[in-house]
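Welcome to this tour. Please open your viewer, switch to a cartoon view and keep the selection box at hand.

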Amino acid sequence: GATGHNIPQQLPINAELQLDRQKPRQGRRVLLLNSLLVDTMLRLDLGGRQSPICHTTMAFLRDEADFRDKLSPIMLSFNVSLQPRKDGVAPAVVLHGDTHVQEQTRIILDCGEDDVCVPQLQLSASVMGSPLLIGA
């Protein structure tokens with residue numbers, strides 16, 4: 001919702017959502033379900049509203065075979081800005097407060113409490129009658 005002084009009846013807002021934004025666009029691990037893109041632009045109208053506007057967006061993690069980095073966090077970025085008027089002039093409204101929100105989530109791995117993954121590689125071999133030569 002929008003609160004303040006002299007809020008116009010129509011208050012168009014651009015809201016941009018970006019998924020996994022610390023990665024290059026081609027290497028992002030999360031996609032939006034409806035578009036298979038890594039970001040979306042929402043156009044909201046906050047004018048004259050007292051109740052919050054809710055919008056649900058579904059995203060999914062790509063198949064783990066498609067990317068290697070399973071340790072670094074997945075950053076989600078949400079940015080809001082005022083839409084320019086149709087004549088290109090900036091609106092006579094000022095946004096106060098947070099216009100950029102960033103949160104993170106992680107891929108859940110069984111790496112212990114310290115989040116340090118250590119492979120447990122083991123090798124066993126048995127040979128009959130001759131020494132075992134590494135590389136043979």
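Two strands count as paired if DSSP finds at least two bridges between them. Keep that in mind while you look at this predicted model.

**The whole chain.** Begin with everything selected. You should find six strands and zero helices, so the pattern along the sequence is simply β-β-β-β-β-β. The chain has 136 residues, and 21% of them count as buried. Now colour by pLDDT: the mean for the chain is 82, with 85% of residues at 70 or more. Select residues 30-32, strand β2, where confidence is highest at 95. Then try residues 39-45, strand β3, where confidence is lowest, at a mean of 89.

**The sheet.** In what order do the four strands of the open sheet lie? The order is β3-β1-β5-β6, and the pairing is antiparallel. β3 and β6 (100-105) are at the edges with a single partner strand each, so one side of each has no neighbour in the sheet. From one strand to the next, the twist averages 15°. As general background, strands in a sheet pair through backbone hydrogen bonds, in a parallel or antiparallel way.

**From β3 to β1.** Keep β3 on screen and add residues 12-19, which form strand β1. Seven bridges link β1 and β3 in the antiparallel sense. Which residue of β3 is the bridge partner of Leu-17? Select Thr-40 to see that partner.

**From β1 to β5.** Next, add residues 74-82, strand β5. β1 and β5 run antiparallel and are joined by seven bridges. Show Ile-13 and you will find Leu-82 of β5 opposite.

**From β5 to β6.** Now bring in residues 100-105, strand β6. Six bridges pair β5 with β6, again in the antiparallel sense. Select Asn-79 and look across to His-100 in β6, which stands opposite.

**A charge over a ring.** Move on to Phe-67 and Lys-70, with side chains shown. What sits over the ring of Phe-67? The charged end of Lys-70 does, 5.0 Å from the ring centre. If you go looking for aromatic pairs elsewhere, the structure holds zero of them.

**One last view.** Zoom out and display contacts across the chain. Among those between residues at least 6 apart in sequence, 69% join residues at least 24 apart.

Key. Residues numbered from 1 in each chain as written. Predicted model: local features only at pLDDT ≥ 70, side-chain atom pairs only at ≥ 80, totals over all residues. Heavy atoms only, no water. Phe/Tyr/Trp six-rings, centres within 6.5 Å; stacked < 30°, edge-to-face > 60°. Lys NZ or Arg CZ within 6 Å of the ring centre and 35° of its normal. pLDDT = per-residue confidence, 0-100. Helix = DSSP H or I, 4+ residues; strand = E, 2+ residues; numbered from the N terminus. Axes fitted to C-alpha atoms, helices over the stretch in contact; angles between N-to-C directions. Buried < 20%, exposed > 50% of the residue type's maximum accessible area, 1.4 Å probe, protein only. Contact = heavy atoms within 4.5 Å.
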